[in-house]
Amino acid sequence: MKSYTLKEAAKKVKVAPRILKEWEKEFAQYITIPRTKQGARIYNDALLEQFAKIKQWFAEEKTKQEIIQYLQAEQQKQNVGLETTVMEGEVIDIPRPLRHDTYYIAEQVARTMKEEIVGELKKETTEVLEQAMKEMKLYVDEIRENSVSTKQEIHDSLTQYTKTLQQETEEIHEHLENVVTFLQEEKAKREQERKLYEEQIMEREKAFRELVVSFRQAAANTDTKRSNKWWKFW
């Protein structure tokens, strides 16, 4: 029997792969896709034919409920000839065969094993939880017995920590005050020095101006004397 992957099947039916997944979920009661050990879906010609019919029904604007009824009717038709068999004039009832191939059987077996494994895990988990609860109860009881002494120790530790913190805070505050006072004094000292330098600069500038003025006056007097001597010569 030829098999197809999800992409190949979607290409055959001419729909997107996600559409096949959606139809698989919507009509899970009538469509079961076998899978490999790695979990990949395996499609055969019968499944592709079934998906093609679903596609046609949707194209004819059939509702989901109507398609379910169509699938149910087809399943009943397929099972009519398989429910009984005639042997030597007798009608012998035989079990209704599964409507899927060996992959479906393997899936059902795997599902059963999974349920058994999950049941065992739940049982073991319950036992582990019960044991953990017992141990937790013993631990809580022990904590409860020691809570009084522990509470006192915590209170003493907090008290000591508070005192230490308060003392350190006072020392830091005092240190900051000293730093602020020192900075203020330094600022006042620098301001006083700056004013003194400004006064000295102004005095030097004044003296320099006076020197320049006197120098100009002396130069002017010298020029005047020279001019008078020249006229006397002529």
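In the predicted model, helix α6, which spans residues 147–233, contains L183. Together with V179 and F182, L183 makes a nonpolar surface patch of about 270 Å².

Nonpolar residues are also gathered in the interior, where the largest nonpolar core comprises 22 residues, and those with the most contacts inside this core are L20, W23, F27, Y43, F51 and I54. At least two residues of the core are supplied by each of the helices α1 (6–13), α2 (17–26), α3 (45–59) and α4 (64–80), and the greatest contribution, five residues, is that of α3. The surroundings of F51 illustrate how separate parts of the chain meet in this region: when residues up to four places away in sequence are left out of the count, F51 touches V13, L20, W23, I31, I33 and Y43.

Two of the contact partners of F51, L20 and W23, belong to the buried residues of α2, which are I19, L20, W23 and E24. Viewed down the axis of α2, these buried residues fall within an arc of 140°, so they line one face of the helix. This arrangement can be read against the general geometry of helices: an α-helix has 3.6 residues a turn, so residues three or four places apart point the same way. The other side of α2 carries R18 and K25, both of which are exposed. The buried residues of α2, for their part, pack against α1, α3 and the strand β2 (43–44).

Technical notes
Residues numbered from 1 in each chain as written. Predicted model: local features only at pLDDT ≥ 70, side-chain atom pairs only at ≥ 80, totals over all residues. Heavy atoms only, no water. Core = buried A, V, L, I, M, F, W, Y, C linked by side-chain atoms within 4.5 Å. Buried < 20%, exposed > 50% of the residue type's maximum accessible area, 1.4 Å probe, protein only. Helix = DSSP H or I, 4+ residues; strand = E, 2+ residues; numbered from the N terminus. Contact = heavy atoms within 4.5 Å. Patch = residues over 30% accessible without salt bridge, like charges linked within 9 Å, V, L, I, M, F, W, Y side chains within 5 Å. Areas by Shrake-Rupley, 256 points an atom, 1.4 Å probe, with all protein chains shown as cover. Salt bridge = Lys/Arg side-chain N within 4 Å of Asp/Glu carboxyl O. Arc of directions from axis to C-beta.
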